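Reader: Hey, can you walk me through this one? I'd like to talk helix packing and pockets.

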Amino acid sequence: MKIKTFTFALLASLLIVGNAFAQNEEAQEKPLVLTLDDALEYAKKNNRQLKSADIDLDIKRRASANAWNVFLPTVQVSGTMSRTTDISSSINQANSLAGLAAAVTRTQPILIEDTESMHWTAIGNLSASLNLSLAYIQQIRAAKENYELGKISWEQSQRETLTNIKKLFYGLLVQKENLAIQETSLQNARNRYEQAAANFRNGRIPELSLLQTQVTYENKRPEFETVQKQYMQQLDMFAFLLGMPAGSKIELEGSIESQYIDLDADALLNKYMANNLDYRTLEGNIRVLKMNLSAINLSTYSPFLALSYSYQPLHTDALDSSWTADDAWTDGGSFSVTLGWNLTNLLPWSSNRQQAKDLEANIKKLELNLETVVENEKLEIKKAVDNINLCKAQIESMERNVTLAQRAYDMSARSYRNGTTERLDLLDSETQLNQAKLGLVSQKNSYISYLLDLADLLCIDVSDLAVTK
């Protein structure tokens, strides 16, 4: 009895563990369901390109925050031990002076002997220097402006990457819809084949009709498998773009539908022209070049101030033990203030003035580019609005076409089941319905894509387009 109870408990435990393991494996294989918002949030945190843009922005942020460091003095500390090979001339001179002094005082001269310690000298050095120029002010302002340009580049990278993710998301929804259409078509072909097989067994149709329906069904199977494989590959690419590990399984949840809005190109241009990232980037670059030009002019037409201080303790007879004696060290340091002016930079053909002329020329080029951006912006906005309005009209027409194609297919299917319609007529009707459905979905995707492009062009959200008057 005890053995039976133990065996039953062991089997129950194994069953529980096996079920838990199976559920764990099923959970691991279950794909992650992503909406568009989920995909965008994940990409903001994990997309590699966006992470690289964050690093670039941080570099410019630090450069801007520490631009004042041009006013930091250059401070150096050093210590040197040196040995003079021959000091006989210094000793002879000192002994000669000692002899003269002894002759005057009629005392015994104290002569200096050459020792190893006298060959060594210890030298310390502490120096600080600071150069000041009015040009530094403009250089600091230019560094601040470069950080603002970095924020524009970061925003542009964000918008481009996230817009590509949105487009790919909706493109995958189109492929998913196409896959569903192909699956329905495959199922219809299978149902017709099974019906034909039943009719053939009952002697209602010849074998040729059965073979024709079977060939149609078998041909649609590889077509469906190909579309399915392409869809899965695109899902893998989408997961990679989001920053997911290779092999991540995902499933998209969303709709290709969008809010249809009326747009006016002139109103959009007047309201959002200054938002354009290319426009803002060119304006920022012009400001930076003007600051650099001002810095060059200040360095040319104003003097510079240089401050320098050095403390240089010197100890001769360095191997002697008297390092701490009051008279052991001498100070060879100094302090200086220099006011200077580079007169060469005043010459029209000097490198300084040539660099200033190059900056002036580049400023004029950027101003011309700014005018080009403005005119091109007008053309792009008008083109985008025209495409959006055209897509809207075509969608309305295609929706009516899908309704008609569906009715035609339903009528053909009933007639085929009643034996009053040929199989080829039914297939043609089904193909037309599939093309109408896929064309409608593709056109809706194009509408959304044009809206996203227009929103990026104006540097706003798609929702802001709907409130533009």
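Author: Here is a short chat on one helix pair and one pocket. This is a predicted model, where local features need pLDDT of at least 70, side-chain atom pairs count only at pLDDT 80 or more, and totals for chains, interfaces and linings use all residues. Residues are numbered from 1 along each chain as its sequence is written, and side-chain values use heavy atoms, with hydrogens and water left out.

Reader: Cool. At what angle do α7 and α9 cross?

Author: Roughly 135 degrees, and the axes of α7 (residues 265-272) and α9 (residues 351-417) come within 9 Å. Axes here are lines fitted to C-alpha atoms, for helices over the stretch in contact, with angles from 0 to 180 degrees between N-to-C directions. Helices are DSSP runs (H or I, at least four residues), numbered from the N terminus.

Reader: Which residues in α7 and α9 meet?

Author: From α7, A265, L268 and L269 meet E377, K378, I381, K382 and V385 of α9; contact means heavy atoms within 4.5 Å. By class, that contact has five nonpolar, no polar and three charged residues. Ala, Val, Leu, Ile, Met, Phe, Trp, Tyr, Cys and Pro count as nonpolar, Asp, Glu, Lys and Arg as charged, and the others, Gly among them, as polar.

Reader: Switching topic: which residues lie nearest the centre of the largest pocket?

Author: I205, S209, Y416, G419 and T421, out of 17 lining residues. A pocket is an open set of points on a 1 Å grid over the protein atoms alone, where a 1.4 Å probe fits, with protein on both sides within 12 Å along at least five of seven lines; lining residues have an atom within 4 Å of a point.

Reader: And which helix gives the most to the lining?

Author: α5, with four residues.

Terms used:
Helix = DSSP H or I, 4+ residues; strand = E, 2+ residues; numbered from the N terminus.
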